[in-house]
Amino acid sequence: MHATAFVPGHVTGFFSTHPDERPLRAGSRGGGVALSHGVETTVTDDTGVTLNGESISVEPVERVLDALDVDLGVACETPLPLGSGFGVSGAMALGTAYVVSAHTAAGLSENDLVSLAHRAEVESGTGLGDVVGQARGGIPLRLEPGAPGYGAMDGVPGGSRVEYLSLGGLSTADVLGGDTETLSVAGERALETVRETPTLATFVAASRRFAEEAGLLTDELRAILRDVDAVGETASMAMLGETVFALGTGLSDAGYDPAVCRIHPPGAGLRVE
Ligand SMILES: Nc1ncnc2c1ncn2[C@@H]1O[C@H](COP(=O)(O)OP(=O)(O)OP(=O)(O)O)[C@@H](O)[C@H]1O
Ligand SMILES: CC(C)(CO)[C@@H](O)C(=O)[O-]
């Protein structure tokens, strides 16, 4: 029986970047939402990585396999689009750490596995806080950057339904490799706002303000957000993808046909079988 793990998707609403030459201390501050739509990862006897049945190269997954020094591969399945702001690379990396550790009885703790996947994402340039958010669940706030033992987290209570609509992707590596000063200032302001008033409404409103201030909104996304505003709801952009998300029914109320899922509960952990 080959080990299988489920890791929730994770949409970041706002963030600031906190690089560090020590990858376990590097990461992001910010806020996001863990989703009941995620990635199912199964360990395989042959090497290589597949996503929805197709061979794929995802650097953080390969880094995790290299770090565990195994001649094994993984098969990943997800309904979420890769590269569109759902933390798919982080979920694949974290799921890989869990299933290979289970398969080989590596004797690693949960913090060890989360740290392994976090390091892989940071070193690949494909993520800064998705992995720690996916491990926590709920609506995680990254108060301090870093892997377990370095970072600090809280969460916004409540929430259930999530709607999302993706028009396409954005390269996380390209955005994180560019000038992130402006977006980081906006991200710090957003985190301060949500920490002062930790509610669903404040979270989405702060995310929307961040998307505007970070200069990442495309005209297409802006048009969808305005349609949601027009029905008295609020939505925002998933970082980093050409994707809109709403907590509640804002997209469907505005006449769109979004994907619908739920928030992956805080503390629900990752199912490993
Ligand atoms: N068809 C593809 N589209 C996007 N990325 C791809 C594709 N094939 C392989 N990759 C690799 O998958 C990884 C995607 O990481 P990225 O962080 O951009 O996506 P994500 O985790 O789904 O989104 P985000 O981090 O914005 O939430 C990168 O290593 C990229 O090189
Ligand atoms: C940086 C980010 C927006 C892209 O991965 C976010 O998802 C994160 O913190 O990993």
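How much of the chain over residues 72-138 is helix, and how much is strand? In this predicted model, that stretch is 58% helix and 7% strand, and 31 Å separates the C-alpha atoms at its two ends. Why pick those residues? UniProt, in an unreviewed entry, lists 72-138 as "domain: GHMP kinase N-terminal".

Let's zoom in on one helix, α2, which covers residues 88-104. You can check its length yourself: at 1.5 Å a residue, its 17 residues should span 24 Å, and the end C-alpha atoms are indeed 24 Å apart, so the two agree. Now look at what surrounds α2. Of its 17 residues, 14 are buried, so the helix is largely enclosed by the rest of the structure. Just after α2 comes A105, with a positive phi of about 50°.

Helix α2 also leads us to the largest pocket, which has a volume of about 390 Å³. Among the 31 residues that line it, S89, T126, G127, D130 and T172 are the closest to its centre. At least two lining residues come from each of β1 (4-18), α1 (59-68), α2 and α5 (172-177). Sorted by class, the lining has 15 polar, 13 nonpolar and three charged residues.

Finally, hop over to V244, which sits in strand β10 (residues 241-247). Is V244 buried or exposed? Its relative accessible area is 1%, and buried means under 20%, so V244 counts as buried. Leaving out residues up to four places away in sequence, V244 touches several others, including E163, Y164, L221, A235 and L251. For a sense of distance, the C-alpha atoms of V244 and L72 are 36 Å apart, with the two residues 172 residues apart along the chain.

Conventions
Residues are numbered from 1 along each chain as its sequence is written. Chains are lettered from A and ligands numbered from 1 in the order in which they are written. This is a predicted model: local features need pLDDT of at least 70, side-chain atom pairs count only at pLDDT 80 or more; totals for chains, interfaces and linings use all residues. Side-chain values use heavy atoms; hydrogens and water are left out. UniProt positions are given in the numbering used here, feature names are shortened, and annotations may be inferred rather than shown by experiment. Helices (H or I, at least four residues) and strands (E, at least two) are DSSP runs, numbered from the N terminus. Buried means under 20% relative accessible area, exposed over 50%, partly exposed in between (1.4 Å probe, protein chains only). Contact means heavy atoms within 4.5 Å. The expected span of a helix is 1.5 Å times one less than its number of residues. On a 1 Å grid over the protein atoms alone, a cavity is a set of points where a 1.4 Å probe fits but cannot get out, and a pocket is an open set with protein on both sides within 12 Å along at least five of seven lines; lining residues have an atom within 4 Å of a point. Grid points are joined across faces, edges and corners, and a volume is the space filled by probe spheres set on the points. Ala, Val, Leu, Ile, Met, Phe, Trp, Tyr, Cys and Pro count as nonpolar, Asp, Glu, Lys and Arg as charged, and the others, Gly among them, as polar.
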